[in-house]
Amino acid sequence: MADAWSQTTTGMANSSLTFSDVRNVILSAHKNTGAQDKVGFYDTWAENYEQDVALLDYRAPLLAAECVSSFFRGDREKAAVLDVACGTGLVSAHLKKMGFRHFVGIDGSLKMLELAKKTGLYQQLTQCLLGQDEVPVKSETYDIVIIVGALSVGQVPLTVIRELWDATKPGGYVCMTTRGNPDNREYKAELEQMIRALEEEQKWSRVTVVEVEEWEKAVSEQDSG
């Protein structure tokens with residue numbers, strides 16, 4: 001991975017990135033590495049993260065925000081939103097356009113959090129290594145808990161799912177995204193199993209499942225579209 005990160009650093013310094021350059025970065029992000037190595041990767045990527053994902057037509061933050069917005073019936077200006085694995089703030093930026101105002105963000109990368117702070121979106125930002133650190137929030141605090149892009153193999157362990165539920169107010173919403181790519185199918189199946197288990201415990205009820213074909217340009221030979 002050290003070689004891959006060196007290549008990433010060189011590529012990201014170039015202002016004329018190609019899709020091929022960004023493809024290599026994304027494939028590195030999907031690799032299953034240790035938690036500290038993963039944080040180091042995202043710290044390195046932070047400055048160019050938004051321009052890279054824009055080149056990929058990465059639509060997951062918008063799609064997740066639209067999903068939450070379509071179901072939420074409360075007072076948006078008062079609703080408390082926990083943006084988990086918030087990165088530079090892409091999800092909360094979309095939610096703000098939809099009328100939400102109160103955001104708390106957590107992420108494992110300090111560099112990502114520094115950029116998120118510059119947006120002025122968040123009332124609070126905290127570093128948290130998901131799956132290793134306990135999610136630093138009180139139980140039943142948030143009207144919306146949303147995690148986009150982090151629930152996949154090599155990213156965030158599934159043990160965090162119960163913590164997401166615990167942070168949500170009764171009657172609130174948890175919104176999660178995951179990839180359907182071939183390399184992530186086992187993780188996705190385990191995620192669905194955990195979601196069902198919490199349903200059986202009557203912790204939550206499923207509102208909707210949205211399968212999206214075109215959410216990002218394909219970066220793997222096994223993917224299409």
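The following legends describe close-up views of a predicted model.

**View 1. A salt bridge joins strands β4 and β5 through Asp143 and Lys169.**
The side chains of Asp143 and Lys169 meet with a separation of 3.3 Å from N to O. Asp143 belongs to strand β4, which covers residues 142-151, and Lys169 to strand β5, which covers residues 168-178, so the salt bridge ties together parts that are 26 residues apart in sequence. The two partners fall into separate accessibility classes: Asp143 is buried, with a relative accessible area of 17%, whereas Lys169 is partly exposed, with a relative accessible area of 31%. A search of the whole structure finds six salt bridges.

**View 2. Helix α9 carries a salt bridge between Lys188 and Glu192.**
Both residues lie in helix α9, which comprises residues 185-200. Lys188 and Glu192 are four residues apart, about one turn of the helix, and their side chains meet at 2.9 Å, N to O. Glu192 is partly exposed at 29% relative accessibility. This contact is part of a network of salt bridges that links Lys188, Glu192 and Glu211.

**View 3. Arg206 and Glu199 form a salt bridge.**
The closest N and O atoms of Arg206 and Glu199 are 3.0 Å apart. Arg206 counts as partly exposed, at 40% relative accessibility. Glu199 also counts as partly exposed, with a value of 25%.

**View 4. Phe72 pairs edge-to-face with Phe100 and with Tyr173.**
Seven aromatic pairs are found in a search of the whole structure. The ring centres of Phe72 and Phe100 are 5.3 Å apart and the ring planes stand at 65°, so this pair is edge-to-face. Phe72 lies in the loop between α5 (60-71) and β1 (80-84), and Phe100 in the loop between α6 (90-97) and β2 (102-107), so the pair ties together parts that are 28 residues apart in sequence. Phe72 is buried, with a relative accessible area of 8%, and Phe100 is buried with a value of 0%. Phe72 and Tyr173 form an edge-to-face pair as well, at 6.4 Å centre to centre and with 65° between the planes. Tyr173 is in strand β5 and Phe72 in the loop between α5 and β1, so this pair ties together parts that are 101 residues apart in sequence. Tyr173 is partly exposed, with a relative accessible area of 24%.

**View 5. Phe41, Tyr42, Trp45 and Tyr49 form one aromatic cluster.**
The rings shown are those of Phe41, Tyr42, Trp45 and Tyr49, which belong to a single cluster.

**View 6. Helix α8 has its buried residues on the same side.**
Helix α8 spans residues 160-167, and its buried residues are Val160, Ile161, Leu164 and Ala167. They cover an arc of only 125° around the axis, which puts them on the same side of α8. The buried residues of α8 pack against β1, β4, β5 and α9.

**View 7. Helix α5 agrees with its expected span and has its buried residues on the same side.**
At 1.5 Å a residue, the twelve residues of α5 should span 16 Å, and the end C-alpha atoms of this helix are 17 Å apart, which agrees. The residues buried in α5 are Ala60, Pro61, Ala64, Ala65, Val68 and Ser69. They cover an arc of only 165° around the axis, which places them on the same side of α5. The cover over the buried residues of α5 includes α6, β4 and β5.

**View 8. Leu113 of helix α7 is buried.**
Leu113 is found in helix α7, which comprises residues 110-118. With a relative accessibility of 7%, Leu113 counts as buried. Leaving aside neighbours within four places in sequence, Leu113 is in contact with Cys86, Gly87, Ile106, Asp107, Leu125, Thr126 and Gln127. Of these contacts, Gly87 is 26 residues from Leu113 in sequence, while the two C-alpha atoms are 6.4 Å apart in space.

Definitions and conventions:
Residues are numbered from 1 along each chain as its sequence is written. This is a predicted model: local features need pLDDT of at least 70, side-chain atom pairs count only at pLDDT 80 or more; totals for chains, interfaces and linings use all residues. Side-chain values use heavy atoms; hydrogens and water are left out. A salt bridge is a side-chain nitrogen of Lys or Arg within 4 Å of a carboxyl oxygen of Asp or Glu. Helices (H or I, at least four residues) and strands (E, at least two) are DSSP runs, numbered from the N terminus. Buried means under 20% relative accessible area, exposed over 50%, partly exposed in between (1.4 Å probe, protein chains only). Rings of Phe, Tyr and Trp (its six-membered ring) pair if their centres lie within 6.5 Å; planes under 30 degrees apart count as stacked, over 60 as edge-to-face and the rest as tilted. The arc is that of the directions from the helix axis to the C-beta atoms. Contact means heavy atoms within 4.5 Å. The expected span of a helix is 1.5 Å times one less than its number of residues.
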